[in-house]
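Reader: I am in my first year and still learning to read a structure like this one. Please choose a sheet, take me through it slowly, and then lead me on to whatever else deserves a careful look.

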Amino acid sequence: MRLSRYYVPTLKEDPADAEVMSHKLLMRAGMIRKLTSGIYNYLPMGLRSINKVAKIVREEMDRAGAMEVSMPMVQPADLWVESGRWDYYGKELLRVKDRHGRDYCLGPTHEEVITDLVRGEIGSYKQLPVNLYQIQNKFRDEIRPRFGLMRGREFIMKDAYSFDKDEEGAEKSYWEMFEAYKAAFSRIGLRFKPVQADSGAIGGDFSHEFMVLADTGEDTIASCKSCEFGANLEKAKVNAPEDSCNSDDSATPALEEVGTPDARTVDEVCAYLNIEPSKLIKTLLLKVDGKEPVLALIRGDRELNDIKLRNLVGGNEIEMADEDLVKDLTGAPVGFAGPVTLSKNIRTFADHELCLDNDWVTGANKADTHYRHVSLARDCEIDKFADLRVIEETDSCPECGKEIEFTKGIEVGHVFKLGTKYSEKMDATFLDENGKTKHMVMGCYGIGVSRIVASAIEQNHDENGCIFPPAIAPFEVAIISLAGKDQAVADKAEELYNEIAKLGVDVCYDDRKERPGVKFAEADLIGYPMQLVLGGKGLKNGIIETKDRKTGEKGELPLDNFVEAFTAWRKEIWEKWGMSL
């Protein structure tokens with residue numbers, strides 16, 4: 001491709017609304033343009049990179065035995081009502097009506113559609129397993145779209161769905177997809193880590209996220225320094241204390257009511273009573289699915305993991321109670337609730353760390369008042385002790401007990417074991433070997449194709465622009481001609497361009513009538529992995545200058561035997577990325 005005929009509207013300055021580096025560089029490099037909040041046009045350079053990601057993903061899906069289909073983006077509400085997600089999915093689901101008043105939605109995912117498709121076609125165990133995938137635009141009405149392609153409302157996604165006759169087959173399908181994801185992300189050139197994750201609105205009881213490691217990532221990953229354990233903070237388990245719950249409260253003094261005027265927060269109460277936060281119990285009143293109140297107790301210096309609590313109580317959504325509900329159920333303003341003398345019809349859950357002590361400070365369910373010397377065993381009714389808190393870097397690995405560390409990551413893929421969640425609700429059945437009707441066992445597997453491009457830039461950039469991995473760069477090689485009015489240089493650059501193209505290498509030729517500085521700056525901004533620069537002096541000396549965008553290293557290739565020298569240099573560039581041709 002000759003850049004003189006190519007649409008690359010680069011920008012000299014960062015857009016005012018761009019917050020993260022990938023958003024800034026995708027805009028400046030002329031790869032995307034914003035249409036409206038969270039929705040972008042993909043320009044030629046950006047689309048080339050996205051298509052290369054899609055090609056690699058497609059090849060790995062095919063290699064793993066999945067088959068490509070294409071499903072409608074517009075989905076009838078009836079299917080979502082049938083699965084129970086029409087109301088549960090929430091406001092991210094963009095609902096629309098057609099001219100007849102029938103309800104539809106723009107698909108954020110396709111579990112319902114694929115289950116409806118398969119249940120109408122598969123009736124026997126002999127037709128299983130089957131794994132179907134698509135690469136398609138999705139729409140999720142994010143409350144706060146941000147960071148360009150990192151968290152948009154419309155995006156390109158690969159979603160796959162496996163159907164098996166039993167758990168053993170579903171397990172096999174899950175790990176085949178897991179390995180396919182590892183192969184795809186490795187080929188793309190990403191530094192990534194698979195971690196245990198919560199299944200969220202998709203459902204199922206087991207899942208892994210694939211995280212691109214980057215300092216700008218929205219997610220925090222807990223990883224063990226000694227074993228393979230990795231999990232996001234929503235999922236990372238904190239093991240129960242080795243000591244059993246201390247039920248001996250004989251040494252705990254009697255309850256003592258103390259005034260704590262205007263001391264509502266943990267810090268305020270601890271300062272007033274001259275205690276450490278680790279000696280206070282935070283009492284949190286929450287609502288499950290907007291209705292049932294539950295009480296969660298955690299140590300004052302810990303943070304509640306509401307995902308763990310949601311999974312424990314079995315609800316779909318969990319939220320903090322408002323001030324009116326707190327006062328109605330506890331008789332006290334926010335900041336003074338506690339588990340002592342509280343109504344017994346509120347389910348109460350305590351973090352298992354609280355088993356280790358009996359002498360606590362809690363709210364007294366009375367304004368400006370707290371209790372000293374609270375024993376959970378003696379003074380409270382606890383429905384269950386469980387893991388309720390967010391893991392901290394000082395905690396030990398839940399699998400091997402050794403030291404962990406926190407890193408930042410960007411989710412680019414997620415694999416789920418769905419079990420029979422959708423097949424039961426939507427009656428997707430088959431006849432087994434004995435003629436008995438059974439529900440198909442499902443898996444679901446997603447990759448954020450457009451997000452991968454942004455993630456690659458977050459992981460690979462410098463002050464001059466993008467540094468694309470060779471496999472997904474808009475063009476792997478750029479020839480920069482400094483011909484000016486020298487026709488001999490222009491002719492040689494054209495010749496080299498044609499020779500590289502014949503090798504099947506993705507190459508662009510910067511033949512524009514621009515100053516050399518402009519060409520060099522834009523080559524770095526766009527992030528071509530390999531740059532070849534030809535000028536009059538080089539032509540006279542029989543060489544072409546080279547630049548490795550990843551390392552900045554410059555060199556030369558001979559014009560005689562160019563193809564052989566170029567092929568060897570290209571191989572070196574890929575190897576520096578830990579990739580092979």
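Author: Begin with the open sheet whose 5 strands stand in the order S28-S27-S29-S30-S31, with a pairing that is mixed. Two strands count as paired if DSSP finds at least two bridges between them, and the elements themselves are DSSP runs numbered from the N terminus, helices (H or I) having at least four residues and strands (E) at least two. This is a predicted model, in which local features need pLDDT of at least 70 and side-chain atom pairs count only at pLDDT 80 or more, while totals for chains, interfaces and linings use all residues. Residues are numbered from 1 along each chain as its sequence is written, and side-chain values use heavy atoms, with hydrogens and water left out.

The sheet of mixed pairing ends in two edge strands, strand S28 (507-510) and strand S31 (554-558), each of which pairs on one side only. If direction is ignored, neighbouring strands of this sheet are turned by 25° against each other on average; such angles are taken between lines fitted to C-alpha atoms, for helices over the stretch in contact, and run from 0 to 180 degrees between N-to-C directions. At the S31 end, strand S30 (residues 543-548) is joined to S31 by 5 bridges, and these two strands run antiparallel. To find one of the pairs on your screen, start at lysine 547, whose bridge partner in S31 is lysine 554.

Now turn to another sheet, an open one of 3 strands in the order S4-S6-S5, where the pairing is antiparallel. Its edge strands are strand S4 (74-76) and strand S5 (95-97), each pairing on one side only. Neighbouring strands here are turned by 40° against each other on average, again with direction ignored. Strand S6 (residues 103-106) pairs with S4 in the antiparallel sense over 3 bridges, and within S6 tyrosine 104 is the bridge partner of proline 76. S6 is also joined to S5 by 3 bridges, in an antiparallel run, and here cysteine 105 of S6 is the bridge partner of arginine 95. S5 and S6 form a hairpin with 5 residues between the strands, in which glycine 101 takes a positive phi near 85°.

Two other backbone details can be set beside that glycine. Histidine 373, which is not a glycine, nevertheless has a positive phi of about 60°, and this histidine is found in strand S19 (residues 369-374). The peptide bond that leads from leucine 128 to proline 129 is cis, with omega near 5°, and proline 129 lies in the loop between helix H5 (111-119) and strand S7 (130-139).

Next come the helices, taken in two pairs. The axes of helix H2 (residues 44-63) and helix H6 (residues 167-188) come within 9 Å and cross at roughly 150°. That angle makes H2 roughly antiparallel to H6, given that angles under 35 degrees count as roughly parallel, over 145 as roughly antiparallel, 65 to 115 as roughly perpendicular and the rest as oblique. For helix H13 (residues 487-502) and helix H16 (residues 562-576), the axes come within 11 Å and cross at roughly 60°, and H13 and H16 are therefore oblique to each other.

Finally, consider the empty space. On a 1 Å grid over the protein atoms alone, a cavity is a set of points where a 1.4 Å probe fits but cannot get out, a pocket is an open set with protein on both sides within 12 Å along at least five of seven lines, and lining residues have an atom within 4 Å of a point. The structure holds 1 cavity of 30 Å³ or more. The largest cavity has a volume of about 40 Å³, a volume being the space filled by probe spheres set on grid points that are joined across faces, edges and corners. Its lining consists of Met150, Arg151, Glu218, Asp219, Gly409, Ile410, Glu411 and Arg451, and strand S21 (residues 404-419) gives the most to that lining, with 3 residues.

The second largest pocket has a volume of about 350 Å³. This pocket is lined by 20 residues, of which Thr283, Leu284, Val334, Gly335 and Phe336 lie nearest its centre. Helix H7 (266-273), strand S14 (281-288) and strand S18 (360-363) each supply at least two residues of the pocket lining, and the largest share, 5 residues, comes from S14.
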